[in-house]
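Thanks, everyone, for making the time this morning. I would like to go through one structure with you, beginning with how its chains meet and then turning to some individual side chains.

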Amino acid sequence: MFESIHDNLDNAFKFLRGENKLTELNIAEAIKEIRRALVGADVNYKIAKEFTDKVKDKALGTENVLKAVKPGELMIKIVFDELTELMGGQSAGINLKGEPGIVLVAGLQGSGKTTFSAKLANYLKTKKGKKPLLVACDVYRPAAIDQLSTLGEQINVAVFKEPDNKNPLEIAHKALAFARQNHHDVVIVDTAGRTTLDDAMMTEIREIKEAIHPTESLFVVDSMIGQDAVTTAAAFHEAINYDGVVLTKLDGDTRGGAALSIKYTVGKPIKFISMGEKLDTLDVFYPDRMAQRILGMGDIVSLVEKAQEQFDEKEAKALEKKIRKNKFDFNDFLSQINQIKKMGDLKNLVSMMPGMGKALKDVDINDSAFKKVESIIQSMTPTERANPELLNMNRKNRIARGCGQSVHEITAFIKQFDQMKQMMQQLSTGKGMGTMMKQMQNMRGFQG
Amino acid sequence: MSFFNKFFTREKKEDLNQGLEKTKTSFFTKLTKAIAGKDKVDEEVLDELENVLITSDVGLPTTVKIIERIEARVARDKFLNTAELNGILRDEIVNLLSENNTVDLEDYDLPAQPRPQVMLVVGVNGVGKTTTIGKIAFQHTIRDKKVVLGAGDTFRAAAVDQLKIWSERAGCLFFSKGMNVDPAAVAYETVDFALSHQCDLAIIDTAGRLHTKLNLMNELGKIKRSISKRLEGAPHEVLLVLDATTGQNAIEQAKHFSEATDVTAIALTKLDGTAKGGIVLAISDQFKIPIKYIGVGEGLDKLQIFNKKAFVDSLFE
């Protein structure tokens, strides 16, 4: 729906030609488009309305809207800036001061509390050098305790649990004592999911909060949540007055308008965003990127950052040298594939590019596209991998048997490898982009 | 069995009313507020109606459709009393719900043939797949059907344990190959198990997956194929579980999951926890897939067969 906001706005401004001033009247259509787009992104209706009123005032006060080549673009900029400002504010980290620091995690059923708790523990352990303790206080959902225990094992973090105890308050208390005894400096308390309508359960979370005095209370919410985000966020806020919000499942294609609704309603910062089920995919929240997402503008900054994170500078320098000397071999190729894979789900990555979200919906981007290539390389001997020129027919036959593909496919792959090698060398020696693009196009045949 | 039928019919209505309490009150207090002090359906009333529908998660396309229909009626009848708006809205909602030609089921029932019936359950993470399976199993078990649950979520930590506990609560059989095994193999062998144990129904759980992850969606296709390999014509039902608190992304989910696995029915969970029963309208309007089950509370017996008439009655009562 939102991919077309540019077009829609341009259309809305078309009839403005010839007029030299924005008025309530002639801007109405554009404002309506913006509101519809926001509502389509699950921003609360009332908030979308208030927000667009603000945008309208801004736009009316902006002198040169009509002088701009594309007034639509300028409007989007105003919307974008307003969104960013609204969702931003103090992006303080989380408060872990205390002996131990205590983090309380609460939210609706299925919002991703348990997975987030484990991710946070992993983050604090690996990035902040903490010694966290996870506490299993969800005594209701079947196997919730087992789930936390399993996750704890995966990241090597201790989990405090009392499977036979049905009293989360008691468990939390004992966990604190245990943490002090065993020198854990952070305690993360995972609680049961609850609907805001369930008075008994809302009272329970309030009591837990009052009993353990968390240094940081976090409200975990599914980024796909609809119009109810506002009431839910407010009800939890009333119960535990949380310090921050965690948005989960942002690896889907939701526009995440809830982020705006929640910030607008309770004024609490969004502190983390969670994408994917791998336990190291916890990110800090950037309001500008979220604004881009709500507006369907892609998230190029995250993409670049993701790439940088996986980018090993030394390795890259060595590789560059090899390429220049035309020494790029199958080992290098394999490690390149691994680097790309490390960045995560391919489709997820590409969808961060502006405008690609929609275009890619029906395109087959498959992580297993690499599998074929990997299996071929892995069927080579170390000597062959380091010396591609060794591959004669005899060797190709053997490789074909090893990887279960036809000799023809091996030959095709080697040909492409050579082309790529050539292309990279051209690139490093600064030959034209045109040639490269052409070769890239030829490459695309080999994908699956 | 007839005892259960009677017993449940009375209770069921109360549950539905209670479960929809939040939807109902917010929908109608909003609507009443919107038309207070007005005697004519005009632009302003329609604007308010749009507001009410959208904040109930009906979504833009379906809202626009409803509004346009009412506008057409206003144009035809020249003068419409606001007091009539309720009745008109009800008509339009009934129309919308019945347009996708799905038959209302009265109760939990399995087709006479073939045996076993195989149901594959799919959905994104955290919508309540496992819970829904437990509740469906319970309904059939108390109707003297032999049910087996297949633990096809071999990925999420402790998912197998969770399903096992549900099988115990429902009093049915359970089949698992443990964690981190190929879910397609689990599905195949669950059907195998159901055949050799003469089960009436096999329900196969799958790991939650976001509809944007192509390889995971492809995996669903594989699971489905391995089921048909063991039993031709199976699965007889592919049930997509949607969370009623989800916003417009629910539409995307329905779209992508149907593309990947030919979804035959939808279960809408957590309807009791939201003011937004409106997603029922959006889905009925935009898909040909019937909503078959709705979750209206946490208890084992709080999953109901969705009945359009009962739903609308409950909304407007």
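Between chain A and chain B, 39 residues of chain A are in contact with 44 residues of chain B, and I should say at once that this is a predicted model. The area buried between chain A and chain B comes to about 3600 Å², with carbon and sulfur atoms giving 55% of that figure. On the side of chain A, Tyr45(A), Met224(A) and Glu277(A) supply 17% of the area that chain A buries against chain B, which is more than any other three residues.

As for polar pairing, twelve residue pairs are in polar contact between chain A and chain B, counting those with both residues at pLDDT 80 or more. Helix H2 (24-40) and helix H6 (144-155) of chain A each supply at least two residues of the side of chain A that touches chain B, and the largest share, four residues, comes from H6(A). By residue class, that side of chain A divides into ten nonpolar, 14 polar and 15 charged residues.

How many salt bridges does the rule find across the interface of chain A and chain B? There is one, and it is formed by Asp251(A) with Lys213(B), whose closest N and O atoms are 2.7 Å apart. Over all chains, the search of the whole structure finds 27 salt bridges. Asp251(A) lies in the loop between strand S6 (244-248) and helix H10 (258-266) of chain A, while Lys213(B) lies in the loop between strand S4 (201-204) and helix H9 (214-230) of chain B, so this pair joins two chains. Asp251(A) counts as buried because its relative accessibility is 7%, and Lys213(B) counts as buried at 14%.

Within chain B, the side chains of Arg209(B) and Glu219(B) also meet in a salt bridge, at 2.8 Å from N to O. This pair links distant parts of the chain, with Arg209(B) in the loop between S4 and H9 of chain B and Glu219(B) in helix H9 of chain B, ten residues apart. Arg209(B) is buried, with a relative accessible area of 2%, whereas Glu219(B), at 26%, is partly exposed.

Let me finish with Asp222(A), which lies in strand S5 (residues 216-222) of chain A and counts as buried because its relative accessibility is 12%. Its side chain reaches the backbone nitrogen of Met224(A) at 2.8 Å, and a polar contact of 2.9 Å joins the side chains of Asp222(A) and Lys249(A).

Conventions. Residues numbered from 1 in each chain as written. Chains lettered and ligands numbered in written order. Predicted model: local features only at pLDDT ≥ 70, side-chain atom pairs only at ≥ 80, totals over all residues. Heavy atoms only, no water. Buried < 20%, exposed > 50% of the residue type's maximum accessible area, 1.4 Å probe, protein only. Polar contact = N/O pair within 3.5 Å; in protein donor to acceptor, adjacent residues only side chain to side chain. Contact = heavy atoms within 4.5 Å. Buried area = accessible area lost by both parts, 1.4 Å probe. Salt bridge = Lys/Arg side-chain N within 4 Å of Asp/Glu carboxyl O. Nonpolar A, V, L, I, M, F, W, Y, C, P; charged D, E, K, R; others polar.
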